[in-house]
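Here is a brief report on one structure. Ligand site, surface and charge pairs are taken in turn.

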Amino acid sequence: MSLTTILKYAIPATIISSLPLIANAADHAGSNLKADDFVGISFWFISMALVAATAFFFLETQRVSAKWKTSLTVSGLVTLVAAVHYFYMRDVWVETGTSPTVFRYIDWLITVPLLMIEFYIILRACTKVSGGVFWKLMIGSLVMLVGGYLGEAGYINTTLGFVIGMVGWIYILYEIFAGEASKASEEAPESVRSAFSTMRWIVTIGWAIYPIGYFMGYMTDGVDAASLNIIYNLADVLNKIAFGVIIWNVAVTESEAK
Ligand SMILES: *C/C=C(C)/C=C/C=C(C)/C=C/C1=C(C)CCCC1(C)C
């Protein structure tokens, strides 16, 4: 057996066998989960869905052609990083009944840039796209998240935090709908163009759930901490798992077309 063959099986096997261990490591609060704590239950459900999605995306890298492997790996990293944060967020919620804001934002700070990189990677797999696209999407994400964090954590006025966050998000939307990323996507094959288009609708509609939650949670008396966490949790299923599945679909379609 050659080294590459050994690695081909050893790497996914190691990753996948370690996932339950990771799930267990952060589990201090499990026994305190109450049957009527629906927010806590949603944290549990979603953390397990994220673990399963991670195993799936990593394993499926074996199936697609070389140039699509990176996008699937990145999808798996998004769900892996989120899964680990969910274990900790779940503990904070179950133990204290308060919003795990710090963990939530650390997670976003890692996963949002990774999701943005996906746009760049899938374009790079099939068109000529400049590195500037990558940096613009990165800067937009940072402005969005730093503004939101400063607002939610009480360092600045919540309205100001909201406005700064919105500027970052609108800039990202501009870039993927009308800017350089959008223009580059026009040269891509049909399946990539359609995936790109679905991905940007997720960034529009799926991502809109977070500022709406923020607005209702901090700027009106609309929702309490429990509802805000349910809203953020459900949004993550769409924006992390479903987003990854769309990429998986285009990767498989394009790989089999050859
Ligand atoms: C996996 C996590 C994702 C995709 C998180 C996305 C988060 C946002 C799109 C947050 C957006 C916000 C604004 C647009 C303004 C107010 C503050 C935020 C940070 C909630």
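The text below starts at the ligand and works outward to the surface and the salt bridges.

**Ligand site.** This is a predicted model. The ligand is surrounded by 18 residues. Tyr 105, Trp 108, Met 144, Tyr 210 and Lys 240 are the closest. On its own, the ligand has 530 Å² of accessible area, and the protein covers 100% of it. The space that the ligand takes is the largest cavity.

What is the chemical make-up of the shell around the ligand: how many residues are nonpolar, polar and charged? Twelve are nonpolar, four are polar and two are charged.

Five helices each supply at least two residues of this shell. They are listed here with their residue ranges.

| Helix | Residue range | Share of the ligand shell |
|---|---|---|
| H4 | 101-124 | at least two residues |
| H5 | 131-152 | at least two residues |
| H6 | 158-177 | at least two residues |
| H8 | 190-219 | at least two residues |
| H9 | 225-257 | at least two residues |

Which helix gives the most? H4 does, with five residues.

**Surface patch.** H5 and H6 also have a part in a nonpolar patch, each supplying at least two of its residues. The patch lies on the surface and has an area of about 620 Å². Trp 135, Ile 139, Val 143, Leu 160, Val 163, Ile 164 and Val 167 make it up. H6 provides the largest share, four residues. Ile 164 lies in this helix.

**Salt bridges.** Side chains of opposite charge can pair when their charged atoms come close. Searching the whole structure gives nine salt bridges. One joins the side chains of Arg 63 and Glu 256, at 3.6 Å from N to O. Arg 63 sits in the loop between helix H2 (38-60) and helix H3 (66-96), and Glu 256 sits in helix H9, so the pair ties together parts that are 193 residues apart in sequence.

Definitions and conventions. Residues are numbered from 1 along each chain as its sequence is written. This is a predicted model: local features need pLDDT of at least 70, side-chain atom pairs count only at pLDDT 80 or more; totals for chains, interfaces and linings use all residues. Side-chain values use heavy atoms; hydrogens and water are left out. A residue is near a molecule or strand if one of its heavy atoms lies within 4 Å of it. Accessible areas come from the Shrake-Rupley method with a 1.4 Å probe; for residues, only the protein chains shown count as cover. On a 1 Å grid over the protein atoms alone, a cavity is a set of points where a 1.4 Å probe fits but cannot get out, and a pocket is an open set with protein on both sides within 12 Å along at least five of seven lines; lining residues have an atom within 4 Å of a point. A molecule sits in a cavity or pocket if more than half of its atoms lie within 2 Å of its grid points. Ala, Val, Leu, Ile, Met, Phe, Trp, Tyr, Cys and Pro count as nonpolar, Asp, Glu, Lys and Arg as charged, and the others, Gly among them, as polar. Patches are made of residues with over 30% relative accessible area and no salt bridge: like charges are joined within 9 Å, nonpolar side chains (Val, Leu, Ile, Met, Phe, Trp, Tyr) within 5 Å. A salt bridge is a side-chain nitrogen of Lys or Arg within 4 Å of a carboxyl oxygen of Asp or Glu.
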